[in-house]
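Student: Please pick one part of this structure and take me through it closely, strand by strand and residue by residue. After that, I would like to follow it outwards into its surroundings.

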Amino acid sequence: MKQPLIVGLGRAGSGLHLRALRTALDRAPDLWRGPVVAVDPRPGERAPVPDGVTVAPTLAEARALLPPDRAVVHLCTPPDSRPAVLAELCAAGYRDLIVEKPLATGDRERAAVAGLRARHGLRLAVVAHWPASGLADRLRALIDAGTLGRLLRVDVAQHKPRFTRSLRADDGHPTAFDVELPHSLGLVLSLAGPAETTGARLTDLRIGRTVRPGLGSALLELRHANGVRTRIHSDLTAPVRERRVALGFERGTAVGHFAPSDADDHVQLDVDGRREVFRDDALAAFLHRTYTRFATAPPEDPTWDADFALHAEVVRLLDEAKRRCATDPAGERSEEAPRVAAR
């Protein structure tokens, strides 16, 4: 059994990973052993340190508590610092890692992470609980069954009010493309296959005279190799939360509603007006599956390469979307609804 080492006790590390680890352990008592060790230079600064967590201010001190051969590292630091922190972990000897999404914020950073993975023989999993969810499994089953005909279109709405975090200088997410879209883009690639960018849009966050460039909303349009069209829209200034994916088939529709937050683990699926509600704690399920892989799959197992390739492709598509928004002559960042920059 491995033991968790959480690097970064912010929202992801303390609020999401730790909760999901405990849920997964309740379901499978032999999944991992404790206590949880965490690395955070300023523990308790933003929230109280959770019970049952041993906190070290530096990686060197954490390594003395939990050496690499016993650890699964949960890398929960902001995405813009990911390559540097990952390099430090590799130098300390850690090889089994779960990395928060996105894998990287651009192609250069993605290449740096890929180089570290290859040089050090890492078993690296990127958090992808949407594709691993029970709801995603049911959507895939609908596509594979063909009872509604061929899949034609995927529309994703991923909205939430995110003012406080976006206004912080140390947020670590450069644009709205880096916040929610890594979840949904990984999902649509797993549902509809490889794709290319056909349009992108990015707006600023504006509150009075305060402006955070690129952190208002993001739109991504894709054309998949099989002809399916995808549209993903994420508004970080929305008044309410929504996480919805709609599949348009030749002879019907299916709409899935992911849990809007970690406050509830119920999801909904509506297939041509027939609605079903069921429990689906996707992050706990993802961690259960990933810890099982750490216990059974060696570094040369091809599933590690396949998973990494999917998330590297997510970074590539998002990086292209950012470049489109940066170079569009009409200017993608507008207070009014800007047009989509199409090919």
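Tutor: Thr197 has Leu222 in β9 as its bridge partner, and this pair belongs to a set of eleven bridges that join β8 to β9 in antiparallel fashion. The model is a predicted one, in which local features need pLDDT of at least 70 and side-chain atom pairs count only at pLDDT 80 or more, whereas totals for chains, interfaces and linings use all residues. Residues are numbered from 1 along each chain as its sequence is written, and side-chain values use heavy atoms, with hydrogens and water left out. Strands here are DSSP runs of E with at least two residues, helices are runs of H or I with at least four, and both are numbered from the N terminus; two strands pair if DSSP finds at least two bridges between them.

The strands β8 and β9 form a hairpin with two residues between them, and Gly208 in the turn has a positive phi of about 60°. Thr203, which lies in β8, gives a closer view of this hairpin. Thr203 has a relative accessible area of 10% and is therefore buried, the term meaning under 20% relative accessible area, with exposed meaning over 50% and partly exposed in between (1.4 Å probe, protein chains only). Although Thr203 and Gly216 are 13 residues apart along the chain, their C-alpha atoms are separated by 5.0 Å. The side chain of Thr203 is also joined to that of Ser217 by a polar contact of 2.7 Å; such a contact is a pair of N or O atoms within 3.5 Å, where, within protein, one must be able to donate a hydrogen and the other to accept it, and residues adjacent in sequence count only if both atoms are side-chain atoms.

From β9 the pairing continues to β10 (residues 229-235), to which β9 is joined by seven bridges, again antiparallel. Leu222, already met as the partner of Thr197, has Thr230 as its bridge partner in β10. The hairpin of β9 and β10 has four residues between the strands, and there Gly227 takes a positive phi near 95°.

Leu222 also leads towards the interior, for Leu185 is in contact with Leu222 as well as with Leu220, Ile232, Val314, Leu317 and Leu318, leaving aside the neighbours of Leu185 within four places in sequence; contact means heavy atoms within 4.5 Å. In the largest nonpolar core, which has 45 residues, Leu185 is one of the three that touch the most other members, the others being Phe177 and Leu247. A nonpolar core is a set of buried Ala, Val, Leu, Ile, Met, Phe, Trp, Tyr and Cys residues joined through side-chain atoms within 4.5 Å. Among the elements that give two or more residues to this core are β8 (195-207) and β9 (210-224), together with β7 (151-161), β11 (237-249), α7 (181-192) and α9. Its largest share, seven residues, comes from α7. A second, separate core has 29 residues, including Val7, Ala71, Tyr94 and Phe308.

The strand β11, a contributor to the largest core, has pairings of its own. Nine bridges join β7 to β11 in antiparallel fashion, and in β11 the bridge partner of Val156 is Val245. Another six bridges, also antiparallel, link β11 to β12 (residues 252-257), where His257 stands opposite Arg244. The strands β11 and β12 form a hairpin with two residues between them.

Elsewhere, the pairing is of another kind: six strands form an open sheet in the order β3-β2-β1-β4-β5-β6, with parallel pairing. The edge strands are β3 (53-56) and β6, each of which pairs on one side only. Within this sheet, four bridges join β2 (residues 36-39) to β3, and Ala38 stands opposite Val55 in β3.

The loop between β6 and α5 holds Ser133, which counts as buried because its relative accessibility is 0%. The side chain of Ser133 reaches the backbone oxygen of Trp130 at 2.7 Å, and, leaving aside its neighbours within four places in sequence, Ser133 is in contact with Phe258, Asp280 and Ala282.
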